[in-house]
Amino acid sequence: MDKTQLKTQKFIVKFFPEVMIKGTKAKRQMINQIYNNIKSLMDKISEDITIKKFFDKVEVVCAIEVVDEVRQKLIQTPGVELVLEAIQIDNVSTLDEIKVKVNEFMGGEIEGKTFVVRAKRSGTHEFKSTNIEQTVGGYMLANNDTKGVKLKDAEVTINLELIEKQLNIITYRHKGLGGFPIGTQGSILSLMSGGFDSTVASYLTMKRGVKTHFIFFNLGGVAHEIGVKQVAYYLWNKFGSSHRVSFISVPFEDVVTEIFRSTNESYMGVTLKRLMFMAASKIADNMKIDAIMTGESIAQVSSQTLRNLALIDQVTKKLVLRPLCTMNKPEIIDIAENIGTRRFAETMPEYCGVISKNPVTHGSFDKMEQEAKKFDYSVLDKAIENSKETYVDKMVDNINDEVGQLEVVNDIAGKNYTIIDIRQGQNCLEIADVEILKIPFYNLKKEFKKLPLEKEYLLYCDKGILSQLHGQYLRDSENYTNIKVYRPKEK
Ligand SMILES: Nc1ncnc2c1ncn2[C@@H]1O[C@H](COP(=O)(O)OP(=O)(O)OP(=O)(O)O)[C@@H](O)[C@H]1O
């Protein structure tokens, strides 16, 4: 048998080193949490996936059909350092059995190549790890047409783990996300404007094990809200979907109007942030959350000087985290690129600019106090009262209530639709006799304009959620009426 004939795949999940150096109690709690998180994520993929917990790893075994999805989820789970793919062989006790089994599965991999065997062993055996390496190496060399054994820089490394009588042949190693499991570090409320900074900041707290809820202040524009919801959903789905989190939307148009009425122009930007902080703190209180977070970074814009950040922090007793405070923009953009949020950020509509004309860079505490007195806080109270909380996993249903859902088409037989596959970086969907265009979501706004208006378009993505959001965005910002969502019935 070779490995292409296997019907199941085993993954060995190793924990982040900082988890492993904790005291016994904290370590046990974290490992339980990683296990629970993985279980909840795997259950969503298939109920037939088995998960076993050990003191230093979790093992996951899944059917080959879902292997790509499982691998991807494990790599993106906070707290996971390494994901190994392994072939498990039970009841091997002699070197002869090991060498034959390893050769059976891995012989094909070393044809025409240099190779080396590396082994680790735990349990009671009559031989050492080096005996495994030498015996297996010698046997494979004699039985395959290779370029020989090379101890350093071999083209193929065959990694073996023998645990008592269980042999694992490690076929792939993937670097995990690291960090701590979500659920071990409490919750935070992330002020989310959808640009590079707040999305990267949110990713960093998720990765550090903090349950990250989102709050968005709508300064005017359905398109901005939909854009922020898209990226919040993307982040949650990718890195945090083991836990349910909220998205809170606060209507801030009237607050902005009141700022224009009451506040000196140079203090408008700082005032807006202070009002966002006041609202976020109050909402965090209701949610029993101790900390709020922004994507601010020292000196990036005028409201982000140390003095102005200090003026902003005056209005809250909450712990304020600014994970990006000392990062440079290129570093932030690199992270956004790696986690896939760059394209969202680049297409996010900007609204904040409207109130940052001639901003003060070193505001005065006294002057700020005077300015703050002129504001009518009943407007802020009203905005908080009218805020809407939605679970991120239920968000699409809720956007639908507010702005009207695009029709979802399950069956295209006999219809003349053009499908647009909006997924990024995947092969284009293929259906016989149907016109299918590949336009990644970040190019959609630009490219959709160029398409013939008389046709009917169906947007397609993995779960029907991003296509619903993007379709609504096009409809509401550009007034298109010829867009629906394609969601084929699951087989
Ligand atoms: N409309 C908003 N809703 C929620 N939070 C906001 C909003 N506008 C700004 N913030 C928060 O304030 C921070 C600083 O905002 P600012 O507009 O000064 O910078 P930015 O570079 O546009 O931020 P980003 O890249 O995150 O969009 C943001 O990172 C975000 O945390």
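1. A pocket, as the word is used here, is an open set of grid points with protein on both sides within 12 Å along at least five of seven lines. The model is predicted, and about 1,300 Å³ of space lies in its largest pocket.

2. The lining of this largest pocket consists of 29 residues. Those nearest the centre of the pocket are Glu69, Lys73, Asn237, Asp462 and Lys463. Two or more lining residues come from each of helix 2 (24-45), helix 3 (67-75), helix 7 and helix 17 (465-478). Helix 7 gives the largest share, five residues. Sorted by class, the lining has ten nonpolar, nine polar and ten charged residues.

3. Cavities are a separate matter. How many cavities of 30 Å³ or more does the structure hold? There are four, and the largest has a volume of about 50 Å³.

4. Residues lining the largest cavity include Leu41, Lys73, Gln76, Thr77 and Pro78, and also Asn237, Lys238, Phe239, Gly240, Ser241 and Ser242. Helix 7, which spans residues 222-240, supplies the largest share of this lining, with four residues. The classes here are three nonpolar, six polar and two charged residues. Lys73 and Asn237 are on the list for the cavity, and both are also among the residues nearest the centre of the largest pocket.

5. The ligand is surrounded by 21 residues. The closest of them are Leu191, Ser193, Asp197, Ser198 and Phe217. Helix 6 (196-207), strand 10 (211-218) and helix 9 (268-286) each contribute at least two residues to this shell. By class, the shell has nine nonpolar, eight polar and four charged residues.

6. Which protein atoms make polar contacts with the ligand? For a nitrogen atom of the ligand, a polar backbone atom of phenylalanine 217 is 2.9 Å away. A backbone N or O atom of methionine 192 lies 3.4 Å from a ligand nitrogen atom. On the side-chain side, a polar atom of glutamine 304 is 3.0 Å from a ligand oxygen atom. On its own the ligand has 580 Å² of accessible area, and the protein covers 92% of that.

7. Is aspartate 381 buried, exposed or partly exposed? This residue belongs to helix 14 (residues 377-385). Its relative accessible area is 39%, so aspartate 381 counts as partly exposed; the class runs between the cut-offs of 20% and 50%. Aspartate 381 and lysine 282 are 99 residues apart along the chain, and 9.8 Å separates their C-alpha atoms.

Notes. Residues are numbered from 1 along each chain as its sequence is written. This is a predicted model: local features need pLDDT of at least 70, side-chain atom pairs count only at pLDDT 80 or more; totals for chains, interfaces and linings use all residues. Side-chain values use heavy atoms; hydrogens and water are left out. A residue is near a molecule or strand if one of its heavy atoms lies within 4 Å of it. A polar contact is a pair of N or O atoms within 3.5 Å; within protein, one must be able to donate a hydrogen and the other to accept it, and residues adjacent in sequence count only if both atoms are side-chain atoms. Accessible areas come from the Shrake-Rupley method with a 1.4 Å probe; for residues, only the protein chains shown count as cover. Ala, Val, Leu, Ile, Met, Phe, Trp, Tyr, Cys and Pro count as nonpolar, Asp, Glu, Lys and Arg as charged, and the others, Gly among them, as polar. Buried means under 20% relative accessible area, exposed over 50%, partly exposed in between (1.4 Å probe, protein chains only). On a 1 Å grid over the protein atoms alone, a cavity is a set of points where a 1.4 Å probe fits but cannot get out, and a pocket is an open set with protein on both sides within 12 Å along at least five of seven lines; lining residues have an atom within 4 Å of a point. Grid points are joined across faces, edges and corners, and a volume is the space filled by probe spheres set on the points.
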